[in-house]
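Colleague: Hey, I'm new to this one. Could you walk me through the pockets?
Modeller: Sure, let me pull it up.

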Amino acid sequence: RSMNFSLTAEQSLIIDTTRAFVETELYPHEAEIERTGILRPELVSELKAKAIEAGLYAANMPEEVGGAGLDVLTWLLYEKELGKTSYALHWNCVGRPSNILLAGTAEQREKYLFPCIKGEKSDCLAMTEPGAGSDLRGMKMTAVRDGSDFVLNGAKHFISHADRADFAIVFAASGEEETPRGKKKLITAFFVDKGHPGFTVREGYKNVSHRGYTN
């Protein structure tokens, strides 16, 4: 019995559209970024608007919240085409909001999710620390309740596009929880807006590749 592995017409269209956008809108700016190591804010705004017009922005998000609702295979094919150009260009100009935003409350969706899908805001996911990457329960950042608020204390690094994000989704150890293997750190995610007292984004590492992309 034979199996058909050919792409659907819709998948082919998405691949062609993404490839054309990369070749026409993103490739021409690669030389500038490689030479200067800088991605100009006005260029980000221009290319973001074009990505939104092309229907490529927030394509990872479900249709019911304003995204393209791509299935896993189609999403991977879309990412493959974007991955042919500079990290700085495709990650900063063709936004893919963090999927965890979908788990927010109605109020959080209005404040964070929908503006990210529309290109009005951008997020960054702050998990990794100097001593905690794949081992998230090893993180040192703490979140201690202070009345109706939480005080976060610690540092993160290798946080992609933190310099351009309007807010961070910050993971911190907020207590303990029971697990089949005994008590473990309870990890909670917090929305932290840029400009919040005590929240500082420091200059990132100089990359050998990924010029213009700071983390």
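**Pockets in the model**

Modeller: Four strands, β1 (123–126), β3 (149–153), β4 (167–179) and β5 (182–193), each bring at least two residues to the lining of the largest pocket. Keep in mind that this is a predicted model.

Colleague: Okay, which of them gives the most to that lining?
Modeller: That's β3, with five residues.

Colleague: And what volume does the largest pocket have?
Modeller: About 1000 Å³.

Colleague: How many residues line the largest pocket, and which lie nearest its centre?
Modeller: There are 36 in the lining, and Met141, Gly154, Val170, Phe199 and Thr200 are the ones nearest the centre.

Colleague: What's the split between nonpolar, polar and charged in the lining of the largest pocket?
Modeller: You get 20 nonpolar residues, ten polar and six charged.

Colleague: Switching over, how much space lies in the second largest pocket?
Modeller: About 520 Å³. Its lining has 25 residues, and Trp91, Arg96, Ser98, Asp123 and His161 sit closest to the centre.

Colleague: Which elements give two or more residues to the lining of the second largest pocket?
Modeller: Three helices, α3 (41–53), α4 (72–82) and α5 (87–93), plus the strand β1. The top contributor there is β1, with three residues. You've met β1 already, since it also supplies at least two residues to the lining of the largest pocket.

Colleague: How do the residues divide in the lining of the second largest pocket?
Modeller: Ten are nonpolar, eight polar and seven charged.

Note on methods. Residues are numbered from 1 along each chain as its sequence is written. This is a predicted model: local features need pLDDT of at least 70, side-chain atom pairs count only at pLDDT 80 or more; totals for chains, interfaces and linings use all residues. Side-chain values use heavy atoms; hydrogens and water are left out. On a 1 Å grid over the protein atoms alone, a cavity is a set of points where a 1.4 Å probe fits but cannot get out, and a pocket is an open set with protein on both sides within 12 Å along at least five of seven lines; lining residues have an atom within 4 Å of a point. Grid points are joined across faces, edges and corners, and a volume is the space filled by probe spheres set on the points. Ala, Val, Leu, Ile, Met, Phe, Trp, Tyr, Cys and Pro count as nonpolar, Asp, Glu, Lys and Arg as charged, and the others, Gly among them, as polar.
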